[in-house]
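Please open the model in your viewer and keep the selection panel at hand. The tour below goes from one selection to the next and says what is found at each stop.

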Amino acid sequence: MSEKNRDGKRNARERLAAEREKQKAAERRRRTLIVGASVVCVLGLAAVIGVVAANSGKDNSSDKAGPVVAPSGAQGQDALAIPVGKDGARSTLTVWEDFRCPACKAFEAAYRPTIHELTQAGKLKVEYHLATLIDGNLGGSGSRNAANAAACAQDAGKFPAYHDVLYENQPEETNDAYAKNAKLIELAGKVDGLDTSAFRTCVEDGTHNSWVVKSNQAFQSGHFGGTPTVLFNGKNIYADQSMTPAKLKQMVEEADKG
């Protein structure tokens, strides 16, 4: 074999190795985005707008007074969890989220199909806890109002579908579009049977606002690192950079077998 041919093959191998390394790096960046993105909703904001970490998640709403009205079917301590799935499931996923949080949207986009599959199969129960972290960081009331609207959807038995619609239509983080009840009601039109007079009254009256405030207080008391915080049977899996939807499914399947 000529020296020229040997050099050509060596260069080809080097290019192939470089391409493989590039692909591995891209995969690491993808996992960092999906799994480690919770800092976006805390540290990233602090860096950009100078928010003091101690103030993260502080509720800026002026109408905190009023009775705490939990949505229908809420469970757990102080009825702060909205359950999705069967109570008899062997695995429980606890999700702390904020409808204005882009990292929450990234988590939803990656894991939603797997979560739906497992809850519908009766193998996984999800307990959603709603926080208002972005309202505290950026100001506004979109996190709280969207959470209230989601609780109103729970009253109507439409929480899972409306929950997904809110993330699919999430505005830019700095755009407090969800502060407008008209926007939240408009999105309800994307869920069959949700846009009713009862739902509209619940949204416009802020029926569950005080419940949302209490839920956010529980989030702060939990000293979680940010949103989303995702616990599998009590263990934080969002901090696990090896976690993928496939790995989560395997964990649930194994738990289901006993």
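**The sheet**

Begin with the strands of this predicted model: there are 5 of them in an open sheet, in the order β1-β3-β2-β4-β5, and their pairing is mixed. Select β1 (82-84) and β5 (235-236), which stand at the edges; each has a single partner strand, so one side of each is left without a neighbour in the sheet.

Next, add strand β4 (residues 229-232), which pairs with β5 in the antiparallel sense over 2 bridges. Within this pair, show leucine 231, which stands opposite asparagine 236 in β5.

**A helix across the strands**

Now select helix α3 (residues 102-120), which lies across β1, β2 (91-97), β3 (124-130) and β4, and runs at about 145 degrees to β3.

**The cysteines**

How many disulfides does a search of the whole structure find? The search finds 1, and selecting cysteine 152 together with cysteine 202 displays it, with an S to S distance of 2.1 Å. The two residues are 50 residues apart and link distant parts of the chain, cysteine 152 lying in helix α5 (residues 142-155) and cysteine 202 in helix α8 (residues 197-205). Viewed along the S-S bond, the link is left-handed, with -80 degrees about that bond, and both cysteine 152 and cysteine 202 are buried.

Then move to cysteine 104 and ask why its sulfur is not bonded to that of cysteine 101. The sulfur of cysteine 101 is the closest cysteine sulfur, but at 3.2 Å it is too far for a bond, given that a disulfide requires sulfur atoms within 2.5 Å. Cysteine 104 has 1% relative accessibility and therefore counts as buried.

**The nonpolar core**

For the next selection, take Leu93, Phe99, Tyr128, Tyr162, Leu166, Phe199 and Leu248, which touch the most other members of the largest nonpolar core, a set of 49 residues. Helix α5 gives the most to this core, with 7 residues. Centre the view on phenylalanine 199: leaving aside its neighbours within four places in sequence, this residue is in contact with Ala149, Cys152, Ala153, Tyr162, Leu184, Ile185, Ala188 and Leu194.

**Colouring by confidence**

Finally, colour the chain by pLDDT, whose mean for the protein chain is 84, with 75% of the residues reaching 70 or more. Select residues 32-40, where pLDDT stays under 50 and the model has 25 contacts beyond four places in sequence. Residues 42-64 also have pLDDT below 50, and this stretch has 44 contacts in the model beyond near neighbours in sequence.

Definitions and conventions:
Residues numbered from 1 in each chain as written. Predicted model: local features only at pLDDT ≥ 70, side-chain atom pairs only at ≥ 80, totals over all residues. Heavy atoms only, no water. Pairing = 2+ DSSP bridges. Helix = DSSP H or I, 4+ residues; strand = E, 2+ residues; numbered from the N terminus. Contact = heavy atoms within 4.5 Å. Axes fitted to C-alpha atoms, helices over the stretch in contact; angles between N-to-C directions. Buried < 20%, exposed > 50% of the residue type's maximum accessible area, 1.4 Å probe, protein only. Core = buried A, V, L, I, M, F, W, Y, C linked by side-chain atoms within 4.5 Å. pLDDT = per-residue confidence, 0-100.
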